[in-house]
Amino acid sequence: MPDYPTDPDCLFCKIVAGEIPCHKLYEDDRVLSFLDIGPLSAGHALVIPKGHYETIDRVPAEDAAAMFRIVPALSRAIMRAAGASAWNLLQNNGEAAGQAVGHVHLHIIPRPAGSSRDAPIEGNGLPFNWPTGEIDHKKAGGLAETIRQYV
Ligand code: 5GP
Ligand code: ZN
């Protein structure tokens, strides 16, 4: 069992510790998955590391790998149970990005038949016909070069 940091005031740490109940879907020594209490559709699930890390950029690579390792099998199981054939993987980092719980998590959100890119799921939301811009190729080369240096 790896050692991981915890925050006694954190909601998801309390779920990991069993102090707050959840509808558990999967557990291993690094990762826990359970149903979201405010689902966008039936089967909406969260995948969290057992360690308390606020955003994905702070998660040790081993724990990030453990979170993503379970996504294919878990999403297949959720789709099968929910009768969906499409789904979104959503991940919010920081308040400005819409993160409400400060313990990193992946959302697995089944899209039932009839939902689409701009149609809400069963009236619950998540239309995401986001307004895209156009890349500025002159600036993009320099930006990509800077990012490559930082990785
Ligand atoms: P965020 O906006 O931070 O990406 O998403 C947080 C998610 O956690 C929300 O979808 C919300 O419904 C879910 N959530 C908040 N509190 C609880 C809880 O006590 N139990 C469960 N299972 N989910 C929770
Ligand atoms: Zn936590």
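**Close-up 1. Contacts of leucine 74 in the predicted model.** Neighbours within four places in sequence are left aside. Leucine 74 is then in contact with Leu25, Tyr26, Ser33, Val47 and Ile108. Leu74 also ranks among the residues with the most contacts inside the largest nonpolar core.

**Close-up 2. The largest nonpolar core.** This core has 17 residues. Those with the most contacts inside it are Val31, Val47, Met67, Leu74, Ile78 and Ile108. Two helices and two strands each supply at least two of its residues: strand E3 (45-49), helix H2 (61-69), helix H3 (71-82) and strand E5 (106-111). H3 gives the most, with 4 residues. Nonpolar side chains tend to be buried together in soluble globular proteins.

**Close-up 3. A second core.** Another core lies apart from the largest one. It has 10 residues, among them Phe12, Val16, Leu46 and Val101.

**Close-up 4. The open sheet of 5 strands.** The strand order is E1-E2-E3-E5-E4. Pairing is antiparallel. Strand E1 (24-27) and strand E4 (86-90) are the edge strands, and each pairs on one side only. Direction ignored, neighbouring strands of the sheet are turned by 15 degrees against each other on average.

**Close-up 5. Pairing of E3 with E5.** The two strands run antiparallel and are joined by 3 bridges. Leucine 46 has histidine 107, in E5, as its bridge partner. Leu46 is also one of the residues of the 10-residue core.

**Close-up 6. Helices H2 and H3 on the sheet.** H2 packs on the sheet and touches strand E2 (31-35), E3, E4 and E5. The direction of H2 makes about 155 degrees with that of E3. H3 also packs on the sheet, where it touches E1, E2, E3, E4 and E5. The direction of H3 makes about 35 degrees with that of E5. Both helices supply residues to the largest nonpolar core.

**Close-up 7. The largest pocket.** About 360 Å³ of space lies in this pocket. Its lining has 19 residues. Closest to the pocket centre are Phe12, Phe34, Asp36, Ile37 and Leu46. Phe12 and Leu46 also belong to the core of 10 residues. Helix H1 (11-16) and E2 each supply at least two residues of the lining. H1 gives the most to the lining, with 3 residues.

Methods
Residues are numbered from 1 along each chain as its sequence is written. Chains are lettered from A and ligands numbered from 1 in the order in which they are written. This is a predicted model: local features need pLDDT of at least 70, side-chain atom pairs count only at pLDDT 80 or more; totals for chains, interfaces and linings use all residues. Side-chain values use heavy atoms; hydrogens and water are left out. A nonpolar core is a set of buried Ala, Val, Leu, Ile, Met, Phe, Trp, Tyr and Cys residues joined through side-chain atoms within 4.5 Å. Buried means under 20% relative accessible area, exposed over 50%, partly exposed in between (1.4 Å probe, protein chains only). Contact means heavy atoms within 4.5 Å. Two strands pair if DSSP finds at least two bridges between them. Axes are lines fitted to C-alpha atoms, for helices over the stretch in contact, and angles run from 0 to 180 degrees between N-to-C directions. On a 1 Å grid over the protein atoms alone, a cavity is a set of points where a 1.4 Å probe fits but cannot get out, and a pocket is an open set with protein on both sides within 12 Å along at least five of seven lines; lining residues have an atom within 4 Å of a point. Grid points are joined across faces, edges and corners, and a volume is the space filled by probe spheres set on the points.
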